[in-house]
Amino acid sequence: MDVFEAIHTTRAMRRLDPDRPVDETDLRKILTAATKGPTGGNRQPVRWLVVRDPELKRRVGEVYRQVAHAALDASGDSDSPHARSSYHLADHLGEAPVLVIPCAEGDPARLPASVYPGVQNLMLAARALGLGTTLTTIHRVKEDAVKEVLGIPPQVNTFAIIPIGYPLGHWGEAPRKPLEEVVYWDRWPS
Ligand SMILES: Cc1cc2nc3c(=O)[nH]c(=O)nc-3n(C[C@H](O)[C@H](O)[C@H](O)COP(=O)(O)O)c2cc1C
């Protein structure tokens, strides 16, 4: 797949087929793409925790369900397409074939810039192989509960939970603001 097609059609795919496994060869390709992202000083601090064990996924999914429901309920939006798909993921994250959790030890204020480029690579590589992903971070409200389930040491930060699987929905171009609205040339506009 052309890189621009992958970029244009990679978006939050929250409805994933729980019964269609992800091939390990594909998973390794995706993870390799993730490791190719840039990191400060090429220090490569990220450890990619891949969760496939059904019981562990279920327990992580339960933490996610609680925090995601609380956030969605508080938002007051229960009926938009975004809310419906978010509630779906809240209830089914633990059933995704694979959960990937990028982790890193160090200053949580400085690390994200070295974590998310790899995450985006991971999502683009998954898209190129026909696999859906969603970048989620809401678990961080109860990060310790997730860390306890997976035996992640206290000094290690978790930056996302990315469910991976074959999408039940359709691929489509993500709606984004037009360039005229978000790009300034040479100077900040007055
Ligand atoms: C920093 C960040 C945190 C996010 N956290 C969540 C999350 O916890 N749960 C979720 O369902 N989606 C989460 N998302 C996905 C966004 O809601 C999604 O990328 C956005 O709505 C655009 O969706 P689209 O690419 O399908 O157009 C997150 C995205 C980002 C960049």
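Two helices whose axes meet at an angle over 145 degrees, taken between N-to-C directions, count as roughly antiparallel. In this predicted model, the axes of helix α3 and helix α6 (residues 143–150) cross at roughly 170 degrees and come within 9 Å. α3 and α6 are therefore roughly antiparallel to each other. On the α3 side, L56, R59, V60 and V63 form the contact, and on the α6 side A145, V146, V149 and L150. By class, the contact of α3 with α6 holds 7 nonpolar residues, no polar residues and 1 charged residue.

Helix α3 (54–75) also packs against helix α4 (residues 81–92). The angle between α3 and α4 is about 155 degrees, and their axes lie 7 Å apart. That angle makes α3 roughly antiparallel to α4. The crossing of α3 past α4 is left-handed. From α3, the contact draws on G61, Y64, R65, A68, H69, L72 and D73, and from α4 on S86, Y87, L89, A90 and D91. These residues of the contact of α3 with α4 comprise 6 nonpolar, 3 polar and 3 charged.

The length of α4 was compared with the span expected at 1.5 Å a residue. For its 12 residues the expected span is 16 Å, and the end C-alpha atoms are 16 Å apart, so the two values agree. Buried positions in α4 are A83, S85, S86, Y87, L89 and A90. The cover over the buried residues of α4 includes strand β5 (162–165) as well as α3.

The loop between α3 and α4 contains D79. D79 counts as exposed because its relative accessibility is 57%, above the cut-off of 50%. Between D79 and Q44 there are 41 Å in space, C-alpha to C-alpha, at a sequence separation of 35 residues.

A further helix pair is formed by α2 (residues 24–35) and α5 (residues 112–128), which pack at an angle of about 150 degrees with their axes 7 Å apart. The crossing of α2 and α5 is right-handed. In this contact, I30, L31, A33 and A34 of α2 meet G118, N121, L122, A125 and A126 of α5. The contact of α2 with α5 has 7 nonpolar and 2 polar residues, and no charged ones.

For the 17 residues of α5, the span expected at 1.5 Å a residue is 24 Å, which agrees with the 24 Å between the end C-alpha atoms. Buried residues of α5 are S114, V115, G118, V119, L122, M123, L124, A125, A126 and R127. These buried residues pack against α1 (3–9), α2 and the strands β1 (47–51), β2 (98–105), β3 (132–133) and β5. After α5 comes G130, which has a positive phi, near 80 degrees.

Strand β5 contains I164. With a relative accessible area of 0%, I164 is buried, the cut-off being under 20%. Beyond its neighbours within four places in sequence, I164 is in contact with L16, V22, L27, A96, P97, V98, V100, L122, L131, G132 and T133. One of these residues, V98, lies 66 residues from I164 along the chain, with 5.2 Å between the two C-alpha atoms. Another of the contacts of I164, L122, is among the buried residues of α5 and also takes part in the contact of α5 with α2.

Terms used:
Residues are numbered from 1 along each chain as its sequence is written. This is a predicted model: local features need pLDDT of at least 70, side-chain atom pairs count only at pLDDT 80 or more; totals for chains, interfaces and linings use all residues. Side-chain values use heavy atoms; hydrogens and water are left out. Helices (H or I, at least four residues) and strands (E, at least two) are DSSP runs, numbered from the N terminus. The expected span of a helix is 1.5 Å times one less than its number of residues. Buried means under 20% relative accessible area, exposed over 50%, partly exposed in between (1.4 Å probe, protein chains only). Contact means heavy atoms within 4.5 Å. Axes are lines fitted to C-alpha atoms, for helices over the stretch in contact, and angles run from 0 to 180 degrees between N-to-C directions. Angles under 35 degrees count as roughly parallel, over 145 as roughly antiparallel, 65 to 115 as roughly perpendicular and the rest as oblique. A crossing is left-handed if the near helix is turned anticlockwise from the far one by less than a right angle, and right-handed if clockwise. Ala, Val, Leu, Ile, Met, Phe, Trp, Tyr, Cys and Pro count as nonpolar, Asp, Glu, Lys and Arg as charged, and the others, Gly among them, as polar.
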